Amino acid sequence: MREIWDEWRWDIWDPANEPLPENAKIHRKISICTNCMNRLHDLMVTLPVNLYLNRDYPNVEFVLLNYNSQDKMDDWVRDYMMPYMEAGILIYVHTTEPSFYRPAHSRNVSFKVATGDIVTNVDADNFTGPGFAKMLNLLAELQPERAAFSAEKVLMHGRVGFYKDEWLELGGYDEDLVGYSWEDYNLFFRAMAAGFRLMWWGHWGSRFTDRIFTSREDKVRYMECKHQVFTEFVNERSTLRKLDRRQFTANQDREWGKATLVKNFHEVIEV
C-alpha cells in the first residue's frame with residue numbers, strides 16, 4: 001500500500017503548521033453510520049457507549065442499518081433505543097433484501113439515509129471515542145470543502161468521512177468490490193487522487209480507534225465469498241486499475257446504494 005502513497009502526491013493536513021481550533025463557528029450536522037448483519041452482540045456493547053460519548057455535540061445523528069439481521073435486532077432497538085429515536089438522535093432502518101453482507105453496498109445505503117453535512121462510517125465493533133463528532137467538526141472548520149476525514153494517514157481503522165454532497169459526487173463506495181476489505185481504501189484513494197485534502201485525527205493516538213476484537217472468521221462469516229486473502233487481492237487490483245485510468249467516480253452508468261427500507265419501524269422508504 002505504501003507504493004500508492006509514493007506514486008501520488010496527496011494534500012495532507014499538517015497539525016504542526018495549522019493547529020486545530022479550540023472551537024468551531026458552526027455546528028455542522030454529523031452523521032455516524034453503522035451497518036450490522038447478525039452482529040447484535042457487538043452493537044449492544046458499542047452503540048450505547050457511542051451515543052454517550054458524543055452527547056457533548058449538539059448536532060449529531062446516528063444511522064443504524066439492520067442489513068437483514070436474523071438476531072432480533074428489531075426487538076433490542078425497540079426495548080432500549082426508542083428514546084434516542086424519539087429525540088431524533090437515532091435513525092433506524094431495516095432491509096430484508098440482502099442474502100449476504102456487502103460492505104460497500106451497506107455503507108452506500110446508510111450514507112444515503114443520513115441527513116448530516118458530514119457522513120462517516122463506524123463499524124458495529126468500533127467505539128467512536130469521546131468527542132468524536134466534535135473533533136470531526138473542528139477538522140471541518142479548517143477544511144470546509146474537498147475533505148477526506150480519516151483515522152490516520154495510511155490506516156483507516158474502518159472509519160472514513162466526507163461531506164455528503166462530495167461523497168455523492170464521488171459515486172459513493174465502489175460496488176464492484178467483492179467480499180471483505182478495501183472498500184474504505186478505494187473510496188479514500190479516489191478522493192485523494194481527485195484533489196481532496198486528508199484531514200486525519202491519528203495524532204491524538206488511539207482515542208478514536210478503540211474496538212472490540214473481531215476474528216477473521218467473524219469478519220467474513222456472512223459474506224458470499226469468505227476467502228479474505230483472495231478478496232483483498234481482487235479489490236486491491238481493481239482499485240489500482242481504476243486509479244491508473246483516473247477513474248475517480250465509482251458506479252457510473254448504474255444505480256447504486258439501492259434498497260427498500262423500513263425507517264423507525266413504520267415508514268417505508270426507497271434509496
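Which residues of α2 are buried? They are Leu40, Asp42, Leu43, Thr46, Leu47, Asn50, Leu51 and Leu53. Buried means under 20% relative accessible area, exposed over 50%, and partly exposed in between, with a 1.4 Å probe and protein chains only. Helices (H or I, at least four residues) and strands (E, at least two) are DSSP runs, numbered from the N terminus.

The model is predicted: local features need pLDDT of at least 70, side-chain atom pairs count only at pLDDT 80 or more, and totals for chains, interfaces and linings use all residues. Residues are numbered from 1 along each chain as its sequence is written, and side-chain values use heavy atoms, with hydrogens and water left out.

Stay with α2, residues 40-53. Its buried residues pack against β2, β3 (60-67), α3 (73-80) and α4 (82-86). Contact here means heavy atoms within 4.5 Å. The helix bends by about 25° at Thr46, and Pro48 follows within four residues. The bend is the angle between axes fitted to the seven residues ending at a residue and the seven starting there. The end C-alpha atoms are 19 Å apart, which agrees with the 20 Å that 14 residues should span at 1.5 Å a residue. The expected span is 1.5 Å times one less than the number of residues.

Now move to α6, residues 132-142. This helix is mostly covered, with nine of its eleven residues buried. Among them are Phe132, Met135, Leu136 and Asn137. The buried residues of α6 pack against six strands: β2, β3, β5 (118-121), β6 (147-150), β7 (160-163) and β8 (197-200).

Helix α3 holds Arg78. Arg78 counts as partly exposed because its relative accessibility is 43%. The C-alpha atoms of Arg78 and Phe265 are separated by 8.9 Å, yet these residues are 187 apart along the chain.

Next, the open space. Rolling a probe the size of a water molecule over the atoms shows where empty space is left. On a 1 Å grid over the protein atoms alone, a pocket is an open set of points where a 1.4 Å probe fits, with protein on both sides within 12 Å along at least five of seven lines; lining residues have an atom within 4 Å of a point. Grid points are joined across faces, edges and corners, and a volume is the space filled by probe spheres set on the points.

The largest pocket holds about 720 Å³. It is lined by 32 residues, and Arg107, Asp123, Tyr180, Glu183 and Lys219 are the closest to its centre. At least two lining residues come from each of β2 (30-36), α5 (103-113), α8 (183-193), α9 (216-220) and α10 (228-244). The lining has twelve nonpolar, eight polar and twelve charged residues. Ala, Val, Leu, Ile, Met, Phe, Trp, Tyr, Cys and Pro count as nonpolar, Asp, Glu, Lys and Arg as charged, and the others, Gly among them, as polar.

The second largest pocket holds about 200 Å³. Of its 14 lining residues, Tyr101, Arg102, Leu177, Val178 and Gly179 are the closest to its centre. Helix α5 gives the most to this lining, with three residues.

Finally, the backbone. Most residues other than glycine have a negative phi. Asn68, in the loop between β3 and α3, has a positive phi near 60°. Asn68 counts as buried because its relative accessibility is 15%. Ser181 lies in the loop between α7 (164-169) and α8. Its phi is positive, about 95°. At 8% relative accessibility, Ser181 counts as buried. Arg246, just after α10, takes a positive phi of about 60°.
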